[in-house]
Amino acid sequence: MPLLVEGRRVRLPQSAGDLVRAHPPLEERARLLRGQSVQQVGPQGLLYVQQRELAVTSPKDGSISILGSDDATTCHIVVLRHTGNGATCLTHCDGTDTKAEVPLIMNSIKSFSDHAQCGRLEVHLVGGFNDDRQLSQKLTHQLLSEFDRQEDDIHLVTLCVTELNDREENENHFPIIYGIAVNIKTAEIYRASFQDRGPEEQLRAARALAGGPMISIYDAETEQIRIGPYSWTPFPHVDFWLQQDDKQILENLSTSPLAEPPHFVEHIRSTLMFLKKYPSPTNTLFPGNKALLYKKNEDGLWEKISSGN
């Protein structure tokens, strides 16, 4: 069965704006979310999800209480939750392969739940804006369509995307919300930003910039982040890109140059430097071709443990 709002099947295709206007509770929820002030989320109990990553856990998790992601411009952050067992998945989608990513998100939640149990699947979509290339609009349409194609009933609870997440300043458009967090225990979703994006922030960013697909990064049973082993081919023309000025990097390596957060260019440069340093990461970054494993310590911070298989 398909995507539902207030128990009724959503009529697609239609724009996000038309959809919320037809359903006042959706419109009100988007308005309340936009109106929140941004909360700074500290590292304790946090699992930060980067672009093209997903993480899933449940209220039983003794290490993680918050999933979060930010720096979404044309990207969308998706939260799927089962109300029966509280299993919650957060992912940062950029439209690379939405058709393959939505089933991954669905399966990550199903792996937690005996589906006969009571409760329902609820989805929350946040991010994007009225960008010139209409990439946000395209991604909104893809996500709504793919969730509507799934066999299960999925209840759309939050839709704060594209034109619903847009502000205009001097004739330029920007997202209102760049990041969100979800509290696994209470199911609260709120506007958020994050200082700590670890562990292995650069390595994970390099994998995405080098074209890696959506992957799951967390094992809720062992309460460990599992990174790699990854492989990528040398980044094309990396020296050329590193010689370019900020304007060139913004215009060529961003989907929305005017709307990026201030640290975007610095982040891209450091990721390119990382890709230059490790053109073939398999044995240099993953000794013995084993995963890097991290677990939260008693202070709630990530700590490396011995490599996995």
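Okay, let's start with L203. Leaving aside its neighbours within four places in sequence, L203 touches I227, Y230, W232, F274, L285, F286 and L292. Keep in mind that this is a predicted model.

So what does L203 belong to? L203 is among the residues with the most contacts inside the largest nonpolar core, along with L47, L67, Y218, I225, I227 and W232. That core has 45 residues. Several elements give two or more residues to it, including helix 2 (24-35), strand 7 (76-82), helix 5 (201-209), strand 17 (224-227) and strand 18 (292-296). And which helix supplies the largest share? That's helix 8, with six residues. As a bit of background, nonpolar side chains in soluble globular proteins tend to be buried together.

There's also a second core, separate from that one, with 31 residues. C89, C93, V102 and L144 are among them.

Now, the sheet. It's an open one built from eight strands, and if you walk across it you go 2-1-10-9-7-8-5-15, with mixed pairing. Which strands stand at the edges? Strand 2 (8-9) and strand 15 (215-216) do, and each has a single partner strand, so one side of each has no neighbour in the sheet.

Moving inward, strand 1, residues 3-5, pairs with strand 10, residues 154-161, in the parallel sense, over two bridges. Look for L4 there: H155 in strand 10 is the residue opposite L4.

Last stop, helix 3, residues 98-110. This helix lies across strand 5 (53-57), strand 7, strand 8 (88-93), strand 9 (121-127) and strand 10. Relative to strand 8, helix 3 runs at about 160°.

Conventions: Residues numbered from 1 in each chain as written. Predicted model: local features only at pLDDT ≥ 70, side-chain atom pairs only at ≥ 80, totals over all residues. Heavy atoms only, no water. Core = buried A, V, L, I, M, F, W, Y, C linked by side-chain atoms within 4.5 Å. Buried < 20%, exposed > 50% of the residue type's maximum accessible area, 1.4 Å probe, protein only. Helix = DSSP H or I, 4+ residues; strand = E, 2+ residues; numbered from the N terminus. Contact = heavy atoms within 4.5 Å. Pairing = 2+ DSSP bridges. Axes fitted to C-alpha atoms, helices over the stretch in contact; angles between N-to-C directions.
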